[in-house]
Amino acid sequence: MRPEPGQLLHFSEDPTITRFVPRVSPTSKDQGAFVWAVDAVRAPDYWFPKQCPRAMAWVTPDTSPSDRERIIGPGGGARVHAIEYDWLEEIRNVRLYAYRFDSTLFRPIGEPVPRAHVAEEPVEPLGPPEPVGNVFALHAEAGIQLRVLDVLWPYWEAVISSTCGFNGIRLRNSLGHPAHRPEARPRTLLGQAGAGEGALER
């Protein structure tokens with residue numbers, strides 16, 4: 001699930017949005033109220049439930065052979081997404097949707113390489129949301145390794161000290177994070193819902 005040329009995507013577990021209004025993100029270091037979207041390169045970063053912590057790494061022209069072996073490893077492909085075992089059921093059961101936008105309404109954000117695109121005015125999607133489907137299948141089709149770990153944080157520390165490209169999302173929800181948020185663990189672990197009873201609200 002990636003945008004077509006001239007488009008950007010916004011992933012959500014809410015299929016009822018008809019108009020996106022800029023808002024301040026409590027987890028972003030960027031100042032301002034934005035509508036967020038991603039291009040084809042960064043779309044795989046969001047093939048997850050919103051609250052799922054994930055550490056992502058990929059090969060760049062500057063990646064050393066030793067770091068490629070240490071961080072990406074054997075198994076095929078040039079990219080790996082690492083998650084924790086606790087989130088497998090949440091990922092399996094999530095109902096994720098993609099909204100398409102006209103890219104001319106957005107500007108890139110992030111240096112030196114943009115990590116997303118933002119709009120500072122309300123934006124309407126180009127059409128109704130599209131079901132993303134099986135996110136495990138998406139990873140397989142894209143040739144992205146999906147690595148499952150007991151604890152994510154040590155791997156993330158290795159990633160950020162490497163010469164690989166990387167991105168981390170919702171890492172405060174991961175085990176071992178210095179500011180770990182136990183209340184953000186999957187609901188199936190907290191006794192708030194049984195497996196398959198819906199996804200976390202976005």
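**Exercise 1. Find which residue in E7 is the bridge partner of Arg107, then place that pair in its sheet.**

Step 1. Start with the pair itself: in this predicted model, Arg107 has Val118 of E7 as its bridge partner.

Step 2. Now look at the two strands. E6 and strand E7, which covers residues 116-119, run antiparallel and are joined by 3 bridges.

Step 3. Widen the view to the sheet. It is an open sheet of 3 strands in the order E2-E7-E6, with antiparallel pairing. Strand E2 (35-37) and strand E6 (107-109) are the edge strands, and each pairs on one side only. From one strand to the next, the twist averages 40 degrees.

**Exercise 2. Work out the strand order of the sheet that has mixed pairing, and say which strands stand at its edges.**

Step 1. Write down the order: E9-E4-E3-E10, an open sheet of 4 strands.

Step 2. Pick out the edges. Strand E9 (145-149) and strand E10 (165-169) each have a single partner strand, so one side of each has no neighbour in the sheet.

Step 3. Add the angle: ignoring direction, neighbouring strands here are turned by 20 degrees against each other on average.

**Exercise 3. Show, using the pairings of E4, where this sheet gets its mixed character.**

Step 1. A reminder helps here: strands of a sheet pair through backbone hydrogen bonds, either parallel or antiparallel.

Step 2. Take E3 as the partner. Strand E3 (residues 54-58) and strand E4 (residues 79-84) are antiparallel, with 4 bridges between them. You can trace this pairing on the structure: Trp58 has Arg79 of E4 as its bridge partner, and Met56 stands opposite His81 in E4.

Step 3. Turn to E9. E4 and E9 run parallel and are joined by 5 bridges. One pair to look for is Val80 with its bridge partner in E9, Gln145.

Step 4. Put the two together: E4 pairs antiparallel with E3 and parallel with E9, in a sheet whose pairing is mixed.

**Exercise 4. Decide whether the residues of E4 are buried or exposed, and sort them by the way they point.**

Step 1. Apply the cut-off: a residue counts as buried under 20% relative accessible area. In E4, 6 of its 6 residues are buried.

Step 2. Sort the residues. Arg79, His81 and Ile83 point one way from E4, while Val80, Ala82 and Glu84 point the other way.

Step 3. Combine both results: the residues pointing either way from E4 are all buried.

Note on methods: Residues numbered from 1 in each chain as written. Predicted model: local features only at pLDDT ≥ 70, side-chain atom pairs only at ≥ 80, totals over all residues. Heavy atoms only, no water. Pairing = 2+ DSSP bridges. Axes fitted to C-alpha atoms, helices over the stretch in contact; angles between N-to-C directions. Buried < 20%, exposed > 50% of the residue type's maximum accessible area, 1.4 Å probe, protein only.
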